[in-house]
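Visitor: I'd like a close look at one part of this model, and after that you can walk me through whatever else catches your eye.

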Amino acid sequence: MKNLNLASSALLVALALSCGQPAKKAFDGPAYLDESLPLEERVEDALSRMTTEEKVALTHAQSKFSSAGVPRLGIPEVWCTDGPHGIRAEVLWDEWDQAGWTSDSCTAFPALTALAASWDPSLAGLYGTVIGEEARYRKKDVLLGPGVNIYRSPLNGRNFEYMGEDPFLASRMVVPYVQGVQSNNVAACVKHYALNNQETARFFTNVTVDDRTLYEIYLPAFKAAVEGGAWAIMGSYNLYKGQWNCHNQYLLNDILKGEWGFDGVVISDWGGVHDTDQAITNGLDMEFGSWTNGLTMGMTNAYDSYFLAAPYLDRIRSGKVGVTELDDKARRILRLIFRTSMSPEHKRGKFTSPEHYAAARKIGAEGIVLLKNEGDVLPIKDARKILVVGENAVKMMTVGGGSSSLKAQHEVSPLDGLREALPGVEIVYERGYVGDAGGEYNGVTTGQDLSEKRSAAQLIADAVKAAQGADYVIYIGGLNKSDHQDAEGADRELYGLPYGQDAVIEALAATHPKLVVVNISGNAVAMPWVSRVPALVQDWYLGSEAGHSLADVLTGAVNPSGKLPFTFPVAMEDGPLKTAEQYPGVPGDRKWESSFGAVPILEETYSEGIYVGYRWYESKQIAPLFPFGYGLSYTTFAYGEPKVSKAVTTDGSVSVSVPVTNTGSVAGAEVVQFYVADPEASVDRPVKELKGFDKVWLEPGETKTVTVQLTRESLSFFDAARHAWVAEPGRFDVLVGASSADIRGTVSFELK
Ligand code: GLC
């Protein structure tokens, strides 16, 4: 074989020389280093050269965010980094606190709820590309994001990191993000798989949910990401069917790796691994963050004590377990390495570039949702003096909120953004209320002094006084990244605005006719004052360019085109979660033997089933404050008659078109939504479900036809008994709308 190779390479050389090409020297190293070889060949060759100890070392962390490579073979270690909105500051070897580098201040991109609110998959591709460039530039191989857990409760502390209440919207937005990240030789690690829909008791809640709900609501975005080529998935902290989700036979082996054929790596959430035998057999590939503080506590707590470290090796050496699972884990991890740090593409990445800031600004502005604009108060015009009120006009929001917290190179506040956008206008500021004067997370500080001596009453009085003589009053408040706000580790305890903000808004509404309320949050909030406020904007945590994005919309430089990715109910009581069993769960008879004692595992039942978000409110005819998919523009749009490509279909493939015209005087974008209803279904189904959308940009007077393609899948529900998707013959209606509650036309067709 060797001689044959020699002869063939000589022939190659001769051939090349004869046609005057410099001979491309055939690679003469080991196959796993030959970048011309297919990925799987390199993986198998590397695997064949590794010892058992080296394979086991791949499967668990060696530091807070890295796992071992194979130094003997020149295979690099794997470096992970948070998070979904930007590249986390470098931390000390085994600490959460930052290492104090001077070269890791990043671009903070908008929260993924803002991206979802843009309803623009091409923007998701841009987002993934630029955040992937920052990860690659910082030499990170795995980006621990995006998060796609469904927005089940408005109280969930991490909804700001996710993509709303509808599985179809989240599915369409997650794929381009993943592909953008991975185009930089960086793995996206889609999280938190699965059923991690709250922060309360997240480490020890066992979720019970029927199969139909699991497949129709909570799995689709993860399935779409896997079908879109995601290279990593993060197991979640909670339990499902009594098994911890970081090593869960049902979710990881049966569904993810079985039904979906996932060929990537399952990474645990940090501290989500509890048992060696289950970690070996139930689909986990890489263990991170187990309850140890690594090398500083000696052998009893070093990384060697990880569940997939010494305990795993001992089981193999004693013959208690074989190496079949180990080879599968190692194969998947090598595949990850050859897709990232050892990819033949050698991408370099970029960091805090003008293009990255431009992307952050664009995504932010496109995600902002205009909820009210009576009398066309907005965009701001003919203003000489503007009063800006509210802590969120000045408070840095990139620091805090949990693992998505960032050390941003800069963060333009809403107040600064407005001042920069309106240089000739006198813009005065009043605090209005005191929220969270803090500003530190994991050693990253905002450097802001938000201390305040005035009483709440005085703050309101000062704001009301300052409003006199102003042409506009812009109130900028909402939630923040503090505990029990929009933050990891705990859910909100109130649906309404905190810190007495309602009183401030009421006082300003009573004082000034041109009051604009800007709500910055990652969750819906109660708005008892909504009828007394002429203009209302749903803003999000927009990162480095927050002030520029908001000013672009308020001044009209950008015509708002965002649509709500989740429903704003009037009150929590209107929602589907009525009992403690549904949320946050009740103590069961199982215990978690944690390192701080035995903790009763909460039993939580998603008894509302598929009736989540608008599916719930519409099934109960409960009018929300603002519906899913709702958002206004500075222009208006008219919809023509929707048309269907055929009246009868045998395979469900039908296209639906509708002409849309910009009937206003400024260019704008409209998100046209297509909902499917199955009025003849043999099972209970929602009134309608989002199964298509497209965003269209129109000049004044311009008309374009928007078309979406439906498939059998668009018509199907999940039949748990048959464990299959079923589209029943009969009539289907397609409702075309500007929001879930603003249907502009309906067409029907029959599935034979
Ligand atoms: C956290 C989060 C997860 C994050 C990880 C590393 O607890 O749940 O989203 O990526 O640990 O910080």
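In strand 25, which residue is the bridge partner of phenylalanine 674?

Guide: Sure, and keep in mind that this is a predicted model. The bridge partner of phenylalanine 674 is glycine 692, over in strand 25. Phenylalanine 674 belongs to strand 24, residues 668-677, which runs antiparallel to strand 25 and is joined to it by nine bridges. Now zoom out to the sheet around that pair. Five strands make it up, ordered 22-30-29-24-25, and the sheet is open with mixed pairing. Strand 25 (689-698) is at one edge and strand 22 (648-649) is at an edge too, each with a single partner strand, so each has one side without a neighbour in the sheet. As for what holds such an arrangement together, strands of a sheet pair through backbone hydrogen bonds, in either a parallel or an antiparallel sense.

For the parallel sense, have a look at strand 6, residues 232-235. Strand 4 (residues 187-193) runs parallel to strand 6, with three bridges between them. Strand 9 (residues 265-267) pairs with strand 6 in the parallel sense as well, again over three bridges. Alanine 232 is a nice spot to pause: cysteine 189 stands opposite alanine 232, and in strand 9 its bridge partner is valine 265. As for the side chains of strand 6, Ala232 and Met234 point one way while Ile233 and Gly235 point the other, and all of them are buried.

Next, the helices. Helix 5 (residues 121-137) and helix 6 (residues 167-182) have axes that come within 6 Å and cross at roughly 30°, which makes helix 5 roughly parallel to helix 6. Their crossing is right-handed. On the helix 5 side, the residues in contact include Ala124, Gly125, Gly128 and Ile131, and the helix 6 side includes Met173, Pro176, Tyr177 and Gly180. By class, that contact has eight nonpolar, five polar and one charged residues.

One last stop: glutamate 604, in strand 19 (residues 597-605). With a relative accessibility of 1%, glutamate 604 counts as buried, since the cut-off for that is under 20%. Leaving aside residues up to four places away in sequence, glutamate 604 touches a list of residues that includes Arg152, Gln198, Thr205, Asn206, Glu581, Tyr583 and Gly585. If you want a sense of scale, glutamate 604 and alanine 524 are 80 residues apart in sequence, and their C-alpha atoms are 23 Å apart in space.

Terms used
Residues are numbered from 1 along each chain as its sequence is written. This is a predicted model: local features need pLDDT of at least 70, side-chain atom pairs count only at pLDDT 80 or more; totals for chains, interfaces and linings use all residues. Side-chain values use heavy atoms; hydrogens and water are left out. Axes are lines fitted to C-alpha atoms, for helices over the stretch in contact, and angles run from 0 to 180 degrees between N-to-C directions. Helices (H or I, at least four residues) and strands (E, at least two) are DSSP runs, numbered from the N terminus. Angles under 35 degrees count as roughly parallel, over 145 as roughly antiparallel, 65 to 115 as roughly perpendicular and the rest as oblique. A crossing is left-handed if the near helix is turned anticlockwise from the far one by less than a right angle, and right-handed if clockwise. Contact means heavy atoms within 4.5 Å. Ala, Val, Leu, Ile, Met, Phe, Trp, Tyr, Cys and Pro count as nonpolar, Asp, Glu, Lys and Arg as charged, and the others, Gly among them, as polar. Two strands pair if DSSP finds at least two bridges between them. Buried means under 20% relative accessible area, exposed over 50%, partly exposed in between (1.4 Å probe, protein chains only).
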